[in-house]
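Reader: Please take one part of this model and look at it closely. Then work outward from there, in plain steps.

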Amino acid sequence: MDSTAAKVEALERFIERKKQLKKTTPLRYLFWEATLRCNLECLHCGSDCVRNDAARDAELDGEVIKRELRSIAQAYLPENITFAIIGGEPLIREDIIGVGAYAADLGFNWGITTNGMLLTADMIKRLKDAKLSTISVSFDGVKEDHDALRNRGGAYSAVTDAIRRLLDDRFFRKFDVICCVSKINIDRLDDYLDEAIRLGIPAVRFTPVFSRGRASKNSSLKLNKADYLKMLDFIKRRRTTADGIQVYLSEEGYWGPQWECLVRDEFHYCGSGILIGSILHDGTVTGCPSVSRRFTEGSIRETPFVELWKDRFSRYRQDREKTFAPTCSGCEHWVLCEGGGFHLLDQENVSDSFCCLDKIGTRRSR
């Protein structure tokens with residue numbers, strides 16, 4: 001079989017696998033947005049988090065999440081599910097580690113995404129004792145760029161100190177950093193990656209800024225066509241030249257055959273509502289935690305997550321093409337793209353398309 005035939009066969013298997021996943025919907029990631037409170041006021045925050053207790057009363061009690069975890073563990077194999085705690089800044093909540101430890105005892109792999117500001121030596125020890133499996137730390141650029149995006153002088157020093165502490169005791173199964181690409185850092189990504197290599201970071205996940213939450217009010221962060229192409233070319237180039245570190249584009253939509261599999265390990269796939277479910281800070285249930293709050297499926301305050309997962313989510317599964325019409329109607333890439341990342345739909349304060357192919361000028365209708 002020649003290389004072209006092999007690629008065609010691989011794509012056919014991929015398309016068939018997507019169809020089967022929509023039928024079986026095997027839960028693989030359960031996100032819990034534990035809080036909208038945060039200790040930073042980042043310019044790009046998609047959740048528009050706050051540095052006060054305004055959202056505290058709406059938060060779910062940790063015992064409610066434990067109840068849901070027990071129910072999920074009875075319905076599915078917990079060892080096949082990653083329970084990921086996000087925020088806001090999840091480590092602000094005093095009960096987070098207890099909930100994570102409880103998840104680990106049930107058999108879940110559990111992890112957190114954090115800005116790193118609270119990752120003291122004592123906090124890291126507590127996470128280790130609670131059998132933390134995965135951790136992602138937000139690290140957005142060289143010193144000037146990270147501090148600017150995080151809107152806090154000294155944030156770079158704090159996060160790099162935290163990264164060093166984590167790397168001194170590699171108890172976790174997986175560790176990576178997440179870099180939000182914006183106008184602030186687009187011209188210094190090589191310098192940033194070189195710094196990540198010097199720190200010993202094993203993997204960097206790049207994600208372009210998108211217009212939701214506070215980011216929608218900071219239009220100066222927005223990337224243009226040249227910026228997107230620069231980002232894609234950078235990731236493609238450094239994936240082949242950066243020794244000792246994994247470099248990849250996060251699941252941020254479909255960029256076409258000239259970029260897919262060159263900027264990440266696998267072809268674009270948005271598993272929101274199919275493999276990925278989320279419980280938001282107030283109990284609302286949705287697919288990926290970054291999707292528009294228009295796309296909710298109910299609340300665990302009224303219905304157990306397991307029931308919602310089994311009975312709802314049709315917009316992600318059976319009705320996806322209808323959800324993305326009319327923008328995607330007639331596009332020759334639909335069978336592979338399927339609208340790209342669901343979280344890119346229904347952004348705030350934007351007049352241009354959510355389509356990544358439009359952003360780089362390569363979309364064609366069939």
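Author: L344 is buried, with a relative accessible area of 4%. Buried means under 20% relative accessible area, exposed over 50%, and partly exposed in between (1.4 Å probe, protein chains only). The model is predicted: local features need pLDDT of at least 70, side-chain atom pairs count only at pLDDT 80 or more, and totals for chains, interfaces and linings use all residues. Residues are numbered from 1 along each chain as its sequence is written, and side-chain values use heavy atoms, with hydrogens and water left out.

L344 sits in the loop between α11 (334-337) and α12 (356-360). Helices (H or I, at least four residues) and strands (E, at least two) are DSSP runs, numbered from the N terminus. Leaving out residues up to four places away in sequence, L344 touches F210, E252, G253, F354 and C356. Contact here means heavy atoms within 4.5 Å. S290 is 54 residues from L344 in sequence, with 8.5 Å between the two C-alpha atoms.

E252 leads to P208. Both L344 and P208 touch E252. P208 belongs to strand β6. P208 counts as buried, at 7% relative accessibility. Its other contacts beyond four places in sequence are V181, L223, Y228, M231 and L249. P208 and P326 are 118 residues apart in sequence, and their C-alpha atoms are 24 Å apart.

Now the strand itself. β6 spans residues 203-208. Five of its six residues are buried, and the strand is mostly covered. β6 pairs with β7 in the parallel sense over four bridges. Two strands pair if DSSP finds at least two bridges between them. F206 has L249 of β7 as its bridge partner. β5 and β6 also pair in the parallel sense, over five bridges. There V181 stands opposite P208.

These strands belong to an open sheet of 10 strands with mixed pairing, in the order β7-β6-β5-β4-β3-β2-β1-β8-β9-β10. The edges are β7 (246-249) and β10 (298-299), each pairing on one side only. Helix α7 (residues 189-199) packs on the sheet and touches β5 (174-181), β6 and β7. The direction of α7 makes about 155° with that of β6. Axes are lines fitted to C-alpha atoms, for helices over the stretch in contact, and angles run from 0 to 180 degrees between N-to-C directions. Helix α8 (residues 225-241) also lies across β5, β6 and β7, and runs at about 150° to β7.

Next, the core. The largest nonpolar core has 88 residues. Such a core is a set of buried Ala, Val, Leu, Ile, Met, Phe, Trp, Tyr and Cys residues joined through side-chain atoms within 4.5 Å. W32, F83, W110, L119, V204 and F206 touch the most other members. Helix α6 (residues 155-168) gives the most to this core, with six residues. L119 has contacts beyond four places in sequence with L91, T114, I124, L127, I135, V137, A162, R165 and L166. Another core lies apart from the 88-residue one. This other core has 16 residues, among them F14, F31, C337 and C355.

Helix α6 also meets a neighbour. The axes of α5 (residues 143-150) and α6 come within 8 Å and cross at roughly 110°. The two helices are therefore roughly perpendicular (65 to 115 degrees; under 35 counts as roughly parallel, over 145 as roughly antiparallel, the rest as oblique). K143, H146, D147 and R150 of α5 meet A155, Y156, S157 and V159 of α6.

Last, the backbone. Most residues other than glycine have a negative phi, and most peptide bonds are trans. T25 is not a glycine, yet has a positive phi of about 40°. T25 sits in the loop between α1 (3-24) and β1 (29-33), and is buried at 12% relative accessible area. K131, also not a glycine, has a positive phi of about 65°. K131 lies in the loop between α4 (121-129) and β4 (134-138), and counts as exposed at 52%. A cis peptide bond joins G87 and G88, with omega about 20°. Another cis bond joins A325 and P326, with omega about 0°. P326 lies in the loop between α10 (320-324) and α11.
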